Amino acid sequence: MPKHSPSTLDPRSPLVLDTRDLPRRPGALRTVKRVVPAPADLGVELIGVPEGADLDLDLRLESVSEGVLVSGTVSGPVKGECSRCLREIDDSVVVRIQELYAYENSTTDTTTDEDEVGRMQGDLIDLEPVLRDAVVLTLPTNPLCREDCPGLCPDCGVHWDDLPADHSHQQIDPRWAGLSQLTRKEE
């Protein structure tokens with residue numbers, strides 16, 4: 001069986017769970033509710049969770065035959081900018097997570113690939129990779145301040161909502177300017 005690296009996780013880290021008080025008997029259950037600071041770079045280019053922002057973890061740790069099943073929700077604030085008008089976005093995100101963390105030297109070492117199942121390091125579980133995957137995959141790559149955001153005028157850069165309905169940058173070629181006078185006379 002492949003051996004995993006020795007424990008390198010810091011048990012005091014807010015996104016590391018210690019399972020010493022969870023019996024290794026299938027069906028044993030423990031809930032974890034805590035507020036932790038968000039790690040750096042938790043998001044995509046235009047939107048993400050600010051570093052250090054409060055993330056609410058509401059998790060359930062359940063012993064199963066091969067490890068610990070972690071499931072629950074993570075919620076927190078997101079900040080960014082609208083991809084159409086560049087206005088600031090202040091919102092929140094709630095994501096569900098569910099991940100099996102296999103015990104060291106369990107049969108999953110031979111029955112699964114290294115990246116198919118999370119691995120425990122001793123009695124410790126590192127939530128950051130699962131949390132990062134869940135949050136980043138939930139965030140929109142092109143966030144909008146609202147669904148019907150009209151964006152900016154491509155000519156002057158002013159938000160369409162702030163412009164009059166008849167706003168235009170139409171420039172008439174001077175060679176055709178005489179024709180525009182004909183349509184005005186008919187009206």
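This report walks through a predicted model of one protein chain, from its overall layout to some individual residues.

## Ground rules and confidence

The model is a prediction, with local features requiring pLDDT of at least 70, side-chain atom pairs counted only at pLDDT 80 or more, and totals for chains, interfaces and linings using all residues. Residue numbers start from 1 along each chain as its sequence is written, and side-chain values use heavy atoms, with hydrogens and water left out.

How confident is the predictor in the chain? The mean pLDDT (the predictor's confidence in each residue, from 0 to 100) is 84, and 86% of the residues reach 70 or more. Residues 1–7 have pLDDT below 50, and this stretch makes 14 contacts in the model beyond near neighbours in sequence. A contact here means heavy atoms within 4.5 Å.

## Overall layout

Three helices and nine strands make up the secondary structure of the chain. These elements are DSSP runs numbered from the N terminus, with helices being H or I runs of at least four residues and strands being E runs of at least two. Following the sequence, you will meet them in the order β-β-β-β-β-β-β-α-β-β-α-α.

Of the 187 residues, 35% are buried. Buried means under 20% relative accessible area, exposed means over 50%, and partly exposed is in between, using a 1.4 Å probe and protein chains only. The accessible surface of the chain is about 11,700 Å², and carbon and sulfur atoms account for 48% of this surface. Areas come from the Shrake-Rupley method with a 1.4 Å probe, and for residues only the protein chains shown count as cover. Among contacts between residues at least 6 apart in sequence, 58% join residues at least 24 apart.

## Salt bridges

Side chains of opposite charge can pair when their charged atoms come close. With a salt bridge taken as a side-chain nitrogen of Lys or Arg within 4 Å of a carboxyl oxygen of Asp or Glu, the count is 11. One of them joins Arg 12 and Asp 10 at 3.2 Å, N to O. Arg 12 is exposed because its relative accessible area is 73%, while Asp 10, at 34%, counts as partly exposed. Another salt bridge, at 2.5 Å from N to O, links Asp 21 with Arg 30. Here Asp 21 is exposed at 55% relative accessible area, and Arg 30 is buried at 16%.

Which parts of the chain does the pair of Arg 24 and Asp 123 tie together? The closest N and O atoms of Arg 24 and Asp 123 are 3.1 Å apart in their salt bridge. Arg 24 sits in the loop between β1 and β2 (29–37), and Asp 123 in the loop between β8 (118–119) and β9 (124–126), so the pair ties together parts that are 99 residues apart in sequence. Both residues are partly exposed, Arg 24 at 48% relative accessible area and Asp 123 at 27%. Elsewhere, Arg 146, Asp 148 and Asp 161 are joined into one network by salt bridges that share partners.

## Residues on the strands

Asp 18 belongs to strand β1 (residues 16–18). Its side chain makes a polar contact of 2.4 Å with the side chain of Arg 20. A polar contact is a pair of N or O atoms within 3.5 Å; within protein, one must be able to donate a hydrogen and the other to accept it, and residues adjacent in sequence count only if both atoms are side-chain atoms. Beyond its neighbours within four places in sequence, Asp 18 contacts Arg 30, Asp 123 and Leu 124.

Lys 33, in strand β2, is exposed at 64% relative accessibility. Its side chain and that of Asp 58 share a polar contact of 3.4 Å. Leaving out residues up to four places away in sequence, Lys 33 touches Leu 57 and Asp 58. Ser 71, in strand β6 (residues 67–81), is buried at 14% relative accessible area. With the sequence neighbours up to four places away set aside, Ser 71 touches Asp 58, Leu 59, Arg 60, Ile 97 and Gln 98.

## A nonpolar surface patch

Which residues form a nonpolar patch on the surface? Ile 172, Trp 176, Leu 179 and Leu 182 do, with about 420 Å² of accessible area together. Patches are made of residues with over 30% relative accessible area and no salt bridge, joining like charges within 9 Å and nonpolar side chains (Val, Leu, Ile, Met, Phe, Trp, Tyr) within 5 Å. Trp 176 is placed in the loop between α2 (128–138) and α3 (177–186), and it counts as exposed because its relative accessibility is 53%.
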